[in-house]
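Biologist: I have the sequence and the fold on screen. Can you walk me through it?

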Amino acid sequence: MASVALLSNPHSTGNRALLPRVREYCAAHPDIFHYEVEDVDQIGEAIRTMAMVGPRIVVINGGDGTVQAALTELYSGGHFGGSPPPVAVLPNGKTNLIALDLGAEGDPIKALQRVIDLVETGRLEDHVIQRQLISLDSGGEARPVLGMFLGGAYLADVMLYCRNRIYPLGLPNGISHFLAAILGLFAMMFGLGGGRLPPKPEAMTVSLIRQGEFKGKFSLLIVTTLEKLLLSIRTNDSAGESGQMKLLAVERGMGALVRMLGATWRGTLGQNQLDGVHFQQGDEIRIEGDRSNVILDGEIFQAKHGMPIILTSTQPVPFLRLAA
């Protein structure tokens, strides 16, 4: 039996340099069951094997895409009999949104040591928090995919542009993200798109069951169960009140974007109605459009005509918060 089960994706950006240190650390701590996958298709087998050793906690060492695949298998695969242990996420990958929201920052080895310390001192349960997951049904999957952060509309286009056109340049992550944001803002300001710039946004419809729907072209679309969104935007301190997901949609145009950023700077986003800015909570969200991209924790999905993407929130599940 192992107290800690560690899942590593050697192909995540951070692990290209980190993994030798992780292997050395695990060799010195026999209470860690370390499983490495070469492809996300192997995560199902990894979680099944982890369940056989009965860990007190599952630790994920990879980017947000690895976390998304592991969460889907943990809570849809039935390997733990419906009661998976808490999940901890090491800071790794290019964006680390999930790890940062759970208080994991800095050196991943120090974060792993923090997990070990909590297990050994018997304080693990004191740091367990509850989060809902987003269940995404695109109509083409055998089962819904689970995650915690979805970006869509022009935001997804810029994220894909960054991944496909800027990351290959080999620049540091921070510079790559800044450059993609600047080029995206430039293209939006002057109504440009395509070629060497991110594409122009597509029209889409976002519907909430009780709150109505929004139609048009959006510069920003975020659906999350995290406390912290992009740009250090914080939501309520409890995750998903009444089991609801949080949605931020900003209509295309610099005016709406500036109003959203101003409210964010003042810490009043969501408190007052802003023209062109929609901040809602809902227990079911539908995204419809013609080839409109969304990205759930690194995985791309597309809303096609007649086949909407349907998002629902799950029941709360346990995560380990690593912040002191």
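**Fold and core**

Modeller: The chain has eight helices and 17 strands. Both are DSSP runs numbered from the N terminus: helices are H or I with at least four residues, strands are E with at least two. This is a predicted model, where local features need pLDDT of at least 70, side-chain atom pairs count only at pLDDT 80 or more, and totals for chains, interfaces and linings use all residues. Residues are numbered from 1 along each chain as its sequence is written, and side-chain values use heavy atoms, leaving out hydrogens and water.

Biologist: What is the radius of gyration of the chain?

Modeller: The value is taken over C-alpha atoms, and the globule rule is 2.2 Å times the number of residues to the power 0.38. For 324 residues that rule gives 20 Å, and the chain is close to it, so it is as compact as a globular protein of that length. The radius of gyration is 20 Å.

Biologist: What share of the contacts with a separation of 6 or more joins residues 24 or more positions apart?

Modeller: Contact means heavy atoms within 4.5 Å. Among contacts with a separation of 6 or more, the share from residues 24 or more positions apart is 71%.

Biologist: Which helix gives the most to the largest nonpolar core?

Modeller: A nonpolar core is a set of buried Ala, Val, Leu, Ile, Met, Phe, Trp, Tyr and Cys residues joined through side-chain atoms within 4.5 Å. Buried means under 20% relative accessible area, exposed over 50%, and partly exposed in between, with a 1.4 Å probe and protein chains only. The largest core has 75 residues, and I57, V59, V115 and F319 touch the most other members. Seven of its residues come from one helix, α5 (residues 108-120).

Biologist: Which residues does I57 touch, not counting those up to four places away in sequence?

Modeller: Start with the N-terminal numbers: S3, V4 and A5 are among them. The others are P85, P86, A88, V115, V119, L124 and L320.

Biologist: Is A153 buried or exposed?

Modeller: A153 is found in the loop between β8 (149-152) and α6 (154-166). Its phi is near 60 degrees, a positive value in a residue other than glycine. At 9% relative accessibility, A153 counts as buried.

Biologist: How far is N173 from C162 in space, C-alpha to C-alpha?

Modeller: N173 has its place in helix α7 (residues 173-189). At 24% relative accessibility, N173 counts as partly exposed. In sequence, N173 and C162 are 11 residues apart; in space, the distance is 9.9 Å.
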